[in-house]
Amino acid sequence: MSAETLEFQAEARQLLQLMVHSIYSNKDIFLRELISNSSDALDKLRLATLRDGVEADTSDLHIRITVDKEARTLTVADNGIGMTRDEVVSLIGTIAKSGTAEMLRQLKESGDAKELIGQFGVGFYSTFMVADRVTLVSRKAGTDDPGTRWESGGEGTYTIEEVADAPAGTSVTVHLRPADEEDALFDYADEWKIKGIVKKFSDFIAFPIRFGDGDEPINSMKALWARPRSDVKDEEYHEFYRHISHDWTDPLEIINMKAEGTFEYEALLFIPSRAPHDLFQRDGQRGLQLYVKRVFIMDDSRELMPDYLRFVKGVVDAADLSLNISREILQQDRHIQMIRRRLVKKVLSTIKDLQASQPEKYATLWREFGRAIKEGLLAEPDNHRAILDVASFSSTHGADPTTLADYVARMKEGQEEIYFLTGESRSQVENSPHMEAFQAQGYEVLLLTDPVDEIWVEAVPSYDEKKFQSIARGNVDLPAKAEEPPTEGFDPLLGFLKGALEEQVKEVRLSHRLTTSAACLVSDTDDITPTLEKMYRAMGQEVPHVKRILELNPAHPLVTGLRTAHESRPEDAALTETAELLYGTALLAEGGDLDDPARFAKLLADRLSKTL
């Protein structure tokens, strides 16, 4: 069959160009990426024979690197799972990853684009940093299908053709560009250079990596999680982290665990230094790698780590599980559940240690992953306290986030509740009318601006026996009362406003929480908040519209003037328009959306014109 020429997907083409023009200064990593892909292929073949009944020889799974100095080629070959023609096209010709467009936007805007490539699992493209042409030959193991040859020069197209006699597995031949040490383009046909790269980046790979015709591996194949922490250099851990996470940055923290006794397991976990692009995507990659007695079982075992800690990467090696354990069995296995509980406890205690002893690291962790961690307040009631202990929140106390323990320690005498206000941004919340009395009297308020904050405050009643209290909900009475203005004579106005605004509000009353604004809107104690109502609708859930309470500041000139006007001319139609404007300004002040912005703008313009 003759070769067929196909075009790369647009996103793949852009990535190739980034690689061809070498965005990454350390070009050695192309070999790490190829070895990592081969290691994955070997793991997949062993799994396929264990679990799916694929018939293949797994007695000598290995990776072989060969070089041809005269032809200036380097080949990385494995006898792993291999690929069909369609898999070659879909895995290499396209990037079937959600978020690709967003990634490319970041690549264009970022001053450090190299940091983003690895997150998207496209390490194969790194070969074009050192090659002017790349040839891949692959055949699916356990089938009678012919092999496939793929070749490209890294431009807009690639060729693909059938190969009759290809061995099972995959080989990638890199046609090397001339060495250029000024551009960090070394001689990758040099044996010592190759062995040095393998030792640095891939020493821990569980399969033998052989060079040339030799049978002796050039890597140690020692599982890092089985070695004492004192015997492993941080750089070795970092390279292993990059191998399992496809992140090109160093991890923020390394966690070692070893359990002995009735059920033995070892774990090596990593907290990344930044959030992956798919952290909040439903189909995002998550879960730990599961091994049994050093044999790889699966690479995304979600049963080992709850979803709110989905950013944690790592390996768990259990001694007493079956090699052909399935996902269904994992979900029910009591040993897995026990491991999960211990891993969660260890991760949360590690975060707490960072909070206490390495505040800069903790600040990075919370900035990147705090929003995800707070999801645990909905998912795991047993860990409410541990999660709240490691959480931090913006507050009116200062620019830096505060812990709940520090908030409670600063509470004023007589204060029994932890005050908070939710909203879309810090500036919106800080400038809310609801804040006025609290700021005037020096009460600290937590400023909660993540979408999850709207939900977890409903699920978590208290911290240290101090109840969480929204300052935009219910009839909040501050322990220290400011001097109250006279409130007599407002009942007729309140009744009028309730009638005029009956479609919008359930009640109109005088307020204790306002000092400078004329009015604000308050949710009743047991009603859902407007933001929560909006979130439910965005998720396709039908929820009834909840009317709120309009509170008036009895000392504000607008309110006292409105009272006087209502007393003297209760039938004046203009007062109804003023009521609409009063309600609309209260809604806008908290960041709400007007039902009829055009009508509000016309009323306001008409009223302003009469003042000129």
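**Helix α9 and the internal spaces of the model**

Helix α9 covers residues 334-357, and its 24 residues reach 34 Å from the first C-alpha to the last, close to the 34 Å expected at 1.5 Å a residue. The expected span is 1.5 Å times one less than the number of residues, and helices are DSSP runs of H or I with at least four residues, numbered from the N terminus. This is a predicted model, in which local features need pLDDT of at least 70, side-chain atom pairs count only at pLDDT 80 or more, and totals for chains, interfaces and linings use all residues. Residues are numbered from 1 along each chain as its sequence is written, and side-chain values use heavy atoms, with hydrogens and water left out.

The N-terminal end of α9 is capped by Asp333, a side-chain oxygen of which lies 2.8 Å from the backbone nitrogen of His335. Buried residues of α9 (under 20% relative accessible area, 1.4 Å probe, protein chains only) include Ile336, Leu343, Val347 and Leu354.

The search for empty space used a 1 Å grid over the protein atoms alone: a cavity is a set of points where a 1.4 Å probe fits but cannot get out, whereas a pocket is an open set with protein on both sides within 12 Å along at least five of seven lines, and lining residues have an atom within 4 Å of a point. Volume is the space filled by probe spheres set on the points. Three cavities of 30 Å³ or more are found in the whole structure. The largest cavity, of about 40 Å³, has Asp278, Arg286 and Phe311 among its lining residues.

The second largest pocket holds about 1000 Å³ and is lined by 46 residues, with Ser523, Thr529, Pro530, Thr531 and Arg548 nearest its centre. Helix α18 gives the largest share of this lining, five residues.

Technical notes: Helix = DSSP H or I, 4+ residues; strand = E, 2+ residues; numbered from the N terminus. Buried < 20%, exposed > 50% of the residue type's maximum accessible area, 1.4 Å probe, protein only. Polar contact = N/O pair within 3.5 Å; in protein donor to acceptor, adjacent residues only side chain to side chain.
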